[in-house]
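Student: Please take me through this model one question at a time. I would like the reasoning before each result.

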Amino acid sequence: MESFVRSRRAALQEHVQHRQEVHVVLGNEACDLDSMVSALALAYYLAKTSLESRAAFVPVLNIPRSEFPLRTESTFLLQEQQIPDSCLIFRDEIDLHALHQAGLLSLTLVDHHILPSGDAALEEAVIEVIDHRPLEREPRCRVTAELVGSCATLVTERIVQGPAELLDRQTAALLLGTILLDCVNMTPEAGKVTPKDTQYVALLESKFPDLPARSVLFEALQTAKFDVSGLTTDQMLRKDLKALSSDGLVLAISAVYVTLEVCGVLERANNPPLDLSPLGSLYPNLCAYHQGNTVASRKKVLPILKDFLRERDTAAGTMHPADKDSCGTTRPEPKDSSAGCGESDENPEDSDVAGEAGALEYEPRGRRDPGRCPRHGDALLEDDAPLPPTPMNSLVDECPLDRGLPKLSVEAIFEKFSHITVVRPSASSSPEKK
């Protein structure tokens with residue numbers, strides 16, 4: 001399987017260049033694990049068994065490449081099987097309409113049987129459909145449709161009907177993981193598994209006894225499916241996005257799978273107390289508060305959160321990055337837990353001084369006055385101490401002497417002295433001065 005996937009991009013380019021047929025196996029627009037694995041496995045099977053065809057069999061994932069990191073269970077399973085996603089071909093990397101207009105496209109649909117309106121012109125190129133959903137209309141081509149838990153089950157059935165050597169361990173692992181995830185680890189109570197799913201899971205396990213145990217593989221995929229740790233905020237919102245639209249309005253619903261246990265820590269904080277009052281929110285699973293203690297700026301809240309993460313990681317037996325310096329060395333715990341004692345580990349750019357935008361306090365390292373270290377219960381912490389007034393000289397771009405003393409000639413010196421006058425003091429004044 002791996003060598004087949006790696007060769008598809010070159011095969012596609014060669015066939016397009018020489019105007020030869022390209023047979024695309026296309027999954028649905030959701031491009032979930034079932035759609036991806038079904039497209040990969042079926043294209044692999046067709047390439048190995050269609051010996052008389054001169055077409056290039058190419059699996060295509062029906063999303064832009066930029067969307068693929070959102071399919072975390074798919075990226076996980078490919079990594080486990082050492083299949084690089086850089087070798088995959090995505091919908092924005094192949095022009096199906098141009099191939100069809102040139103008369104070079106054959107199309108097999110897996111995990112769906114109706115093309116979206118934007119691809120309606122490609123219906124003429126569809127020669128086969130494999131789907132596990134009820135048919136909304138009967139396609140005018142070869143159809144394999146059966147209500148099973150996973151489309152990968154039907155693809156497995158097709159593959160095992162061919163030569164035995166076609167089913168390698170890598171392909172079997174992809175198919176097994178997909179069926180287990182779709183059928184909720186073959187649990188009857190979930191209402192997804194059918195006898196055919198059970199049959200082919202058992203067959204895959206019997207052919208490759210060294211495959212991971214069902215529960216181990218299912219739990220790993222389930223964890224990966226809901227893992228958002230490597231995603232940006234924008235990617236998290238788009239990962240499980242559902243959208244509805246009408247004239248002039250689009251409604252989007254996102255699900256983000258993260259715990260909100262930090263909220264309780266902020267509510268119970270007393271150094272400093274934040275005086276939080278819950279606010280009503282239109283959004284479920286979103287906590288919003290009115291902060292009564294307006295003196296407690298973001299720099300006061302950060303130590304609370306750092307302590308929470310440190311305690312959480314200590315309980316889990318891991319060290320939080322905040323407890324390590326830039327070289328990875330663990331920093332010793334301060335003797336006094338008060339914020340501001342010793343050297344500061346906060347980035348000046350993260351400061352949040354209420355009411356004084358852009359103000360920034362700076363003090364050379366190692367020169368703190370121990371007397372300035374705040375004690376527990378201090379209302380005013382160090383970062384709120386008033387800043388000294390800016391000296392007027394600091395507003396001058398440069399000192400007049402920066403470029404050295406002025407150069408004076410002998411004549412210029414005598415000229416200066418010629419203007420000096422001697423003032424004779426009166427009798428009551430002090431002695432004369434020059």
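Student: At about what angle to β2 does helix α1 run?
Tutor: Helix α1 (residues 2-17) lies across β1 and β2; helices (H or I, at least four residues) and strands (E, at least two) are DSSP runs, numbered from the N terminus. The model is predicted: local features need pLDDT of at least 70, side-chain atom pairs count only at pLDDT 80 or more, and totals for chains, interfaces and linings use all residues. Residues are numbered from 1 along each chain as its sequence is written, and side-chain values use heavy atoms, without hydrogens and water. With axes fitted to C-alpha atoms (for helices over the stretch in contact) and angles from 0 to 180 degrees between N-to-C directions, α1 makes with β2 an angle of about 120°.

Student: What angle does the direction of α2 make with that of β2?
Tutor: Helix α2 packs on the sheet and touches β1, β2, β3 and β4, where contact means heavy atoms within 4.5 Å. Its direction and that of β2 differ by about 175°.

Student: What handedness has the unit made by β1, α2 and β2?
Tutor: The strands β1 (residues 22-26) and β2 run parallel and are joined by five bridges, and α2 covers residues 33-49. A crossover is called right-handed if, with the strands pointing away from the viewer, the path from the first strand over the helix to the second runs clockwise. The β-α-β unit here is right-handed.

Student: Which strands stand at the edges of the sheet, and why is one side of each left without a neighbour?
Tutor: The open sheet has five strands in the order β2-β1-β3-β4-β5, with parallel pairing; two strands pair if DSSP finds at least two bridges between them. Each edge strand has a single partner strand, so one side has no neighbour in the sheet. These edge strands are β2 and β5 (142-145).

Student: Which residue in β4 stands opposite Val 110?
Tutor: Strand β3 (residues 105-110) pairs with strand β4 (residues 126-131) in the parallel sense, over four bridges. Opposite Val 110 in β4 stands Ile 130.

Student: How many residues of strand β2 are buried?
Tutor: Buried means under 20% relative accessible area, exposed over 50%, partly exposed in between (1.4 Å probe, protein chains only). Ala 56, Val 58 and Val 60 are buried on one side of β2, and Phe 57 and Pro 59 on the other. For the strand, residues 56-60, the count is five of five.

Student: Which type of aromatic pair do Phe 4 and Tyr 44 form?
Tutor: Rings of Phe, Tyr and Trp (its six-membered ring) pair if their centres lie within 6.5 Å; planes under 30 degrees apart count as stacked, over 60 as edge-to-face and the rest as tilted. The centres of Phe 4 and Tyr 44 are 5.6 Å apart, with 65° between the planes. Phe 4 sits in helix α1 and Tyr 44 in helix α2, 40 residues apart. The pair is edge-to-face.

Student: What is the relative accessible area of Leu 180?
Tutor: Leu 180 belongs to helix α6 (residues 169-182). Leaving aside neighbours within four places in sequence, Leu 180 touches Asn 185, Met 186, Val 201, Arg 214, Leu 217 and Phe 218. Leu 180 is buried, and its relative accessible area is 0%.

Student: What share of the 434 residues in the chain is buried?
Tutor: The chain has twelve helices and nine strands. Of its residues, the buried share is 35%.
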